[in-house]
Amino acid sequence: MRAIRFLLALAFSIGLLVFMGWEKPFGQPLPPIGNFFSPFSGFWQNTAHSDEFSLDQAAFEALDGPVTVVFDDRLVPHIFAGNARDAVFAQGYVTAYYRLWQMDFATRAAAGRLSEVVGERALERDLGQRRKGMLMAAQKALAAWEKSPEEMELLNAYTAGVNAYIGTLAPADYPLEFKLLDYAPEAWTPLRSALMFKNMAETLCFGNADLQSTNALQLLGREMFDFLYPEHNPRQSPVIPAGTPWDFAPLPARPETPAPTMIGELLNYPLLPQSPPGIGSNNWAVSGQKTTSGHPILCNDPHLTLSLPSIWFEIQLHTPEYQAYGVSIPGIPGITIGFNNELAWGVTNVGQDVLDWYRITWLDDEKTRYLLDDEAQEVQIVEEIVEVRGRHAPHVEKVKHTVWGPIVYEDPQSPYRDLAMHWIAADVQETKDFYELGAFFRLGQAKTYDDYADALKRYESPAQNFVMANRAGDIALRVNGKFPIKTDQQGRFVQDGSTTLNEWNGFIPMDQIPQVRNPARGYVSSANQHSADTTYPYYFLGNFDDYRGRIINRTLEQKNGFTVKDMMALQNDNRSILAEEALPLLTALLDSSGLSPAERRYLQWLANWDFRFEAGAKAPMVFVEWLRQTHRLAFDEIYSLADSVPLPYPENWRLLELLEQSPQHAIFDRKDTPETETAREIVTAALHAVTEKWEAVFEKEDYNWATHKGTDINHLARIPAFSRLDLPVGGYGEAPNAIRETTGPSWRVIVELGREVRAYGIYPGGQSGHPGSRFYDNRIEPWMKGEYDELFVMKNPDDRRAPVLFSVTFSQSK
């Protein structure tokens with residue numbers, strides 16, 4: 001039945017695309033029709049792609065011994081091998097069998113190679129990736145990993161496994177997307193694994209607002225800038241508990257000689273793509289003193305862009321030295337978030353700014369020499385060769401590299417506004433005994449707190465809040481990564497690149513990063529909020545959450561006797577402190593004398609609301625639009641200026657603070673009216689604006705928060721037939737269940753570390769990347785309902801305590 005629905009959906013999509021002259025994704029024309037519809041090698045073959053596979057009599061020279069892989073009833077592979085090298089060989093093979101096109105497409109996108117496949121439409125995106133130096137960053141990472149024999153052995157084994165599978169493919173066997181886009185898979189390499197890692201770094205630690213803040217400072221002046229954009233929310237509940245003592249002597253930010261730290265002109269560049277709102281996560285661990293079982297419980301739900309195929313691939317790896325279960329990133333060996341028989345770990349994004357911009361002072365019209373410390377420096381020209389499908393010759397992009405990094409923003413009309421980018425994820429790593437891959441493998445083997453801390457001592461980027469709990473009763477959290485030592489405000493604005501006095505003055509020592517172990521309150525947590533309170537002696541800035549962390553901490557603080565079901569409820573909690581705090585302010589300031597019947601009905605919805613963003617509710621959509629319009633009208637000058645130059649917008653918490661403490665402030669006076677408005681007039685006008693725009697749809701019986709929010713899980717190539725659109729699901733970006741339009745909890749996991757570890761997990765997708773498979777999206781429905789799968793940790797290949805589908809054995813070549 002699944003195959004019939006798949007064929008009907010695909011046929012309809014192809015017919016519609018032909019009818020419309022479709023040129024998506026990225027403007028790629030449809031493949032040659034004869035090839036695509038060929039019964040021997042076309043898409044018909046994909047309907048026969050089996051979720052089960054056999055290796056027949058195949059044998060593999062790369063193996064030291066046999067490897068058995070057992071697939072449970074959710075298609076999760078449980079890999080049993082004699083050593084880690086053989087285990088990751090099988091991991092590479094199995095992952096490629098189910099996710100090959102995803103691996104290929106994601107690494108092409110990271111490297112700036114989509115134009116090779118989809119043509120002109122992807123060229124500008126590819127050039128952005130080349131100018132940022134994504135491929136060079138991956139090459140540097142691989143050069144570092146090559147100094148670690150342990151990691152390279154695993155990486156080479158994984159690569160061999162992927163290529164062993166690719167070697168079995170004839171054109172008829174290619175995953176459907178290769179046929180739709182009319183190209184063939186290419187061999188996997190360790191560099192492509194490094195690219196996948198840098199792709200995650202770009203998602204998680206590329207955030208920056210230097211250009212926008214520089215513009216705002218120039219337009220508004222320092223006093224108004226500081227008024228609108230304070231760095232610390234006084235109600236914030238930081239990752240490391242407030243009041244934690246810092247028992248160390250901090251290193252100095254830089255020599256006392258002052259240096260100019262910002263420039264004095266507007267920068268009107270099209271901004272580089274940033275991660276969408278909602279890229280973040282929740283994690284926490286509660287100690288046995290706060291659970292009914294007396295055992296620690298660890299929880300994690302990373303919030304990422306929701307996509308099909310799914311971001312994660314669930315897997316168990318079992319060797320004599322290594323037994324771990326969790327989720328992996330297709331293209332990278334090992335387990336990223338997981339647990340073993342003694343310890344569990346999870347991650348959330350730190351969000352600190354580790355990317356700075358520097359204005360270059362050129363010394364010649366050709367822009368080949370620039371000023372640095374009163375001396376001329378030569379730029380390094382890197383020719384990026386971009387193959388573009390449909391062109392007879394490649395595009396050649398000459399990217400200039402400086403001591404700071406590549407010139408990413410270049411203004412052909414002005415020699416005074418070219419900007420170089422210094423991003424920590426693109427730096428050369430120092431020689432170490434192991435790197436990020438080794439860190440995750442060590443976490444999979446960890447048993448004690450010391451094992452956990454030792455595994456993370458070499459982990460640099462992207463910085464993550466690593467939470468831990470173990471059967472011994474420890475809970476801990478480390479704000480782990482490589483963080484530059486900066487002066488106050490450094491990196492908040494574009495800096496003068498003509499002096500090395502503006503460079504980072506080293507990095508925060510690993511033993512001085514914010515961290516906590518077994519706090520008296522009995523829990524640790526993070527939700528992308530500030531890493532520490534204002535007493536932490538090092539300056540840091542970034543993009544931080546203001547609400548999810550507070551509601552999680554409030555919930556964990558209020559009671560003891562937590563159970564696994566309580567943790568599930570908290571991960572799926574749709575209640576928002578933002579709504580709790582904002583709605584009373586809005587209703588108190590509202591002038592209710594001239595409200596329409598519809599507006600009075602809206603207020604009744606809101607009066608009966610419990611601040612939960614449930615799918616079928618109507619109050620959440622009124623609240624969100626009312627707050628949005630209030631923000632737009634209160635900061636109308638910012639919105640007006642932002643139409644012509646990039647600017648940051650004040651945060652919601654600052655708006656609420658002004659509504660509460662300064663309702664008469666001149667910031668509320670609208671520039672497009674002759675009257676003098678206060679917060680009262682702004683809030684009232686905002687509700688009127690909501691009614692004018694939304695009344696017709698708000699009144700529809702079947703229109704609710706889920707339809708208003710419109711959550712989509714898109715296929716990576718934005719093919720509608722392979723996507724799940726307009727999901728009837730609740731959640732809110734400022735609630736623990738942070739489901740937005742296209743982002744949300746990409747993997748919910750809960751681990752109870754008792755005498756026998758028990759774990760529960762779910763993600764919005766399925767194990768297979770093949771759209772015709774019943775395992776392509778079979779976990780979306782239970783994910784939407786807040787349900788979980790109990791994770792089957794097999795003790796040996798013959799373990800049948802839960803159903804299995806099939807098993808295969810990878811044999812050693814004799």
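Does Asp374 count as buried or exposed, and at what relative accessibility? In this predicted model, Asp374 has a relative accessibility of 73%, which lies over the 50% cut-off, and therefore it counts as exposed. The briefing below starts with the protein as a whole, goes on to its nonpolar cores and one enclosed helix, and then turns to single residues in loops and helices.

**Overall form**

- The protein has 814 residues, and for that number a compact globule would have a radius of gyration near 28 Å; the value for the protein is 27 Å, which agrees.
- Along its principal axes, the C-alpha trace of the protein spans about 85 × 65 × 65 Å.
- In terms of secondary structure, the protein contains 23 helices and 29 strands.
- Of the 814 residues in the protein, 61% are buried.
- When contacts with a separation of 6 or more are considered, 73% of them are accounted for by residues 24 or more positions apart.

**Surface and charge**

- The accessible surface of the protein comes to about 31400 Å², and carbon and sulfur atoms hold 51% of that surface.
- The protein carries 74 positive and 105 negative charges, and the mean positions of these two groups are 4 Å apart.

**Nonpolar cores**

- The largest nonpolar core has 219 residues, and those with the most contacts inside it are Phe53, Trp145, Phe623, Trp626, Leu659 and Phe810.
- Helix 4, which covers residues 84–111, gives the most to this core, with 17 residues.
- Apart from this core lies another one, of 31 residues, which has Cys205, Leu267, Trp404 and Val494 among its members.
- Trp145, one of the residues with the most contacts inside the largest core, is in contact with Met152, Leu155, Ser193, Ala194, Phe197, Gln429, Tyr435, Glu436 and Leu437, if its neighbours within four places in sequence are left aside.

**An enclosed helix**

- Helix 12 runs over residues 436–445, and 8 of its 10 residues are buried, so this helix is largely enclosed by the rest of the structure.
- The buried residues of helix 12 are Glu436, Leu437, Gly438, Ala439, Phe440, Phe441, Leu443 and Gly444.
- Two of these names, Glu436 and Leu437, also appear among the contacts of Trp145.

**Backbone features in loops**

- As background for this group, most residues other than glycine have a negative phi, and most peptide bonds are trans.
- Asp373 is placed in the loop between strand 12 (369–372) and strand 13 (375–378), and its phi is near 55°, a positive value in a residue other than glycine.
- Because its relative accessibility is 35%, Asp373 counts as partly exposed.
- Asp374, the residue of the opening question, also lies in the loop between strand 12 and strand 13, and although it is not a glycine, it has a positive phi of about 65°.
- A cis peptide bond, with omega at about -5°, joins Leu308 and Pro309, and Pro309 is found in the loop between strand 6 (307–308) and strand 7 (313–318).
- Another cis peptide bond joins Ser461 and Pro462, with omega at about 0°, and Pro462 lies in the loop between helix 13 (449–456) and strand 18 (464–470).

**Residues apart in sequence**

- Phe493 has its place in the loop between strand 19 (475–480) and strand 20 (495–496), and because its relative accessibility is 1%, it counts as buried.
- Although Phe493 and Asn208 are 285 residues apart along the chain, their C-alpha atoms are separated by 9.7 Å.
- Ala143 is found in helix 7, residues 134–145, and with a relative accessibility of 39% it counts as partly exposed.
- Ala143 and Thr431 are 288 residues apart in sequence, while the distance in space from C-alpha to C-alpha is 9.9 Å.
- Ala187 lies in the loop between helix 9 (176–181) and helix 10 (190–205), and at 48% relative accessibility it counts as partly exposed.
- The C-alpha atoms of Ala187 and Thr159 are separated by 8.8 Å, and these two residues are 28 residues apart along the chain.
- Leaving aside the neighbours of Ala187 within four places in sequence, this residue is in contact with Asn163, Ile166 and Arg192.

Key: Residues numbered from 1 in each chain as written. Predicted model: local features only at pLDDT ≥ 70, side-chain atom pairs only at ≥ 80, totals over all residues. Heavy atoms only, no water. Helix = DSSP H or I, 4+ residues; strand = E, 2+ residues; numbered from the N terminus. Buried < 20%, exposed > 50% of the residue type's maximum accessible area, 1.4 Å probe, protein only. Contact = heavy atoms within 4.5 Å. Rg over C-alpha atoms; globule rule 2.2 N^0.38 Å. Areas by Shrake-Rupley, 256 points an atom, 1.4 Å probe, with all protein chains shown as cover. Lys, Arg positive; Asp, Glu negative; His and termini not counted. Charge placed at Lys NZ, Arg CZ, Asp CG, Glu CD. Core = buried A, V, L, I, M, F, W, Y, C linked by side-chain atoms within 4.5 Å.
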